[in-house]
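This briefing goes through a predicted model, topic by topic. Please keep the sequence and the structure at hand while reading.

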Amino acid sequence: MRYMELAREELSRLQQKEKVRVLAMETSCDETAAAVVENGRVILSSEVFSQIDMHALYGGVVPEIASRAHVEKVTPVLDEALRKAGMALSDVDALAVTYGPGLVGALLAGVSYMKGLAYVTGKPLVPVHHIEGHICANYLTDPSLTPPFLCLVVSGGHSHILHVKDYGVYELLGCTQDDAAGEAFDNAARVLDLPYPGGPRLDQLAEQGNPDALPLPHPHTEGRYDFSFSGLKTAFLNAVHHQQQVGDMMDRADLAASFRKAVVDMLCEKTMLAVKDTGAARLALAGGVSANSLLRKKMQALCGEAGIPLYMPRLSLCGDNGAMIASAAYFRLMKGEIADLSLNARPSLSLFKGKN
Ligand code: KG4
Ligand code: ZN
């Protein structure tokens with residue numbers, strides 16, 4: 001029997017099952033990650049191999065190094081995920097893989113590998129959008145969360161406010177007009193000579209600083225729910241360079257705290273505006289920057305004032321991982337969305353219909 005016939009048969013069988021276990025692989029950037037998740041909600045295992053040490057020397061992710069490291073690590077990481085779940089490959093109901101957005105060579109390492117596994121096992125393969133995975137990290141953290149809800153997605157490459165209308169159904173309310181929030185944090189961290197990855201280091205340093213030490217502009221945006229970080233970044237960079245030139249540097253912790261506050265203020269202001277306008281009953285955070293301690297604290301306080309619950313991925317699920325991909329895949333699988341073997345990496349895949 002041909003692959004798609006086998007996969008469709010498997011699909012109709014597993015759609016009747018009480019417990020569906022998905023094995024997922026994530027290789028879109030600098031983490032090689034694999035996980036087994038049951039019914040989109042329960043993590044049976046989650047393995048993450050971080051390449052940070054390999055890229056730190058260069059101050060950022062080197063695509064060629066990332067692709068090669070993924071090729072080396074996919075098998076051991078996937079093996080370990082199966083071992084920790086106490087399962088063999090044959091026990092898994094379906095396979096999933098991130099197919100975009102991300103670095104093309106990195107994505108291809110995962111996509112080719114999982115296509116190979118699908119072909120030899122005949123199991124259905126679910127292609128997953130990386131950002132959808134980040135959103136689903138909330139389903140793993142809080143099993144009671146169901147759509148609809150509003151979500152602030154903030155990662156290294158994306159900053160969106162979106163309405164999660166149903167599983168896999170999104171409406172974009174606002175997005176960044178220039179840099180992503182994570183990118184802004186990483187740039188500011190570089191100016192402060194903090195090692196890669198800068199965002200979490202800047203967050204740590206900011207804890208000891210005065211957030212009002214350096215006044216920064218509050219950028220204007222055309223869209224009511226849009227963000228803009230590039231003006232903020234330039235103002236910060238100019239201020240630090242000026243201080244260096246005149247030999248009168250402010251305390252680095254004060255600089256970090258001031259920058260963090262400016263970014264978090266903008267994220268909170270626009271998100272709460274969207275909450276108010278839409279009358280949203282609950283809010284979720286997603287993406288690497290949702291680990292930011294000030295963002296978590298401030299959002300908690302604001303949602304408390306607004307009288308709505310706030311959902312945040314637990315810290316271990318904020319960054320890239322395979323469990324969030326397996327969770328997203330489960331909900332797509334239940335709708336019968338599986339790939340054929342022509343699946344390819346899509347480096348600039350969009351989450352919204354009609355866009356890219
Ligand atoms: O979601 P993610 O792991 O990868 C992408 O999909 O991009 O996000 C990575 C981004 C990086 O820019 C990183 O510096 C930032 O998230 N980040 C943080 C923190 N932890 C990670 N930014 C600010 N504060 C943090 N605690
Ligand atoms: Zn990510």
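Just after H6, Asp193 takes a positive phi of about 60°. The residue is not a glycine, and its place is the loop between H6 and H7. In this predicted model, the helix before Asp193 is largely enclosed by the rest of the structure, because 8 of its 11 residues are buried.

**Helix H6 and the loop after it**

- The buried residues of H6 are Ala181, Gly182, Ala184, Phe185, Asn187, Ala188, Ala189 and Val191.
- These buried residues pack against two strands, S6 and S7, and against the helices H7, H8 (230-245) and H9.
- Asp193, in contrast, counts as exposed, because its relative accessibility is 65%.
- The loop between helix H6 (181-191) and helix H7 (198-206) also holds Pro197.
- The peptide bond between Tyr196 and Pro197 is cis, with omega about -5°.

**Other backbone exceptions**

- Most residues other than glycine have a negative phi, and most peptide bonds are trans.
- A cis peptide bond also leads from Gly100 to Pro101, where omega is near -15°.
- Pro101 sits in the loop that runs between strand S4 (94-100) and helix H4 (104-121).
- Asn39, which is not a glycine, has a positive phi of about 50°.
- Asn39 belongs to the loop between strand S2 (31-38) and strand S3 (42-50).
- With a relative accessible area of 22%, Asn39 is partly exposed.

**The S2-S3 hairpin**

- S2 and S3 form a hairpin with 3 residues between the strands, and Asn39 is in the turn.
- The two strands run antiparallel and are joined by 8 bridges.
- Across this pair, Val36 stands opposite Ser45 in S3.

**The five-stranded sheet**

- An open sheet of 5 strands is arranged in the order S8-S7-S6-S9-S10, and its pairing is mixed.
- Its edge strands, each paired on one side only, are S8 (169-175) and S10 (310-311).
- Helix H9 (residues 252-278) packs on the sheet and touches S6 (149-154), S7, S8 and S9 (283-286).
- The direction of H9 makes about 165° with that of S6.
- Strand S7 (residues 159-166) runs antiparallel to S8, and 6 bridges join the two.
- Two residue pairs can be located across these strands: Val164 stands opposite Tyr170 in S8, and His160 stands opposite Cys175 in S8.
- S7 and S8 form a hairpin with 2 residues between the strands, in which Gly168 has a positive phi near 75°.

**The zinc site**

- Which residues coordinate the zinc ion (ligand 2)? They are His130 and His134, each through NE2, and Asp320 through OD, at 2.0 to 2.1 Å.
- The spacing of these donor residues in sequence is H-x3-H-x185-D.
- Both histidines, His130 and His134, lie in helix H5 (residues 130-141), 4 residues apart, which is about one turn of the helix.
- An α-helix has 3.6 residues a turn, so residues three or four places apart point the same way.
- His130 and His134 are both buried.
- Why is the arrangement around the zinc ion (ligand 2) irregular? The 6 donor atoms subtend angles of 53 to 165°, whereas an octahedral site needs opposite donors over 155 degrees apart and all others between 65 and 115.

**Cysteines**

- A disulfide is a covalent bond between the sulfur atoms of two cysteines.
- How many disulfides does the model have? The count comes to 0, with a cut-off of 2.5 Å between cysteine sulfur atoms.
- Cys136 is in no disulfide, and its nearest cysteine sulfur is that of Cys151, 9.5 Å away.
- Cys136 is buried, having a relative accessible area of 4%.
- Cys175 is likewise in no disulfide; here too the nearest cysteine sulfur belongs to Cys151, at 14 Å.
- At a relative accessible area of 23%, Cys175 is partly exposed.

Conventions:
Residues numbered from 1 in each chain as written. Chains lettered and ligands numbered in written order. Predicted model: local features only at pLDDT ≥ 70, side-chain atom pairs only at ≥ 80, totals over all residues. Heavy atoms only, no water. Donors = N, O, S within 2.8 Å, 3.2 Å for Na, K, Ca; no water. Tetrahedral: all angles 85-135°; square planar, octahedral: opposite > 155°, others 65-115°. Buried < 20%, exposed > 50% of the residue type's maximum accessible area, 1.4 Å probe, protein only. Pairing = 2+ DSSP bridges. Contact = heavy atoms within 4.5 Å. Axes fitted to C-alpha atoms, helices over the stretch in contact; angles between N-to-C directions.
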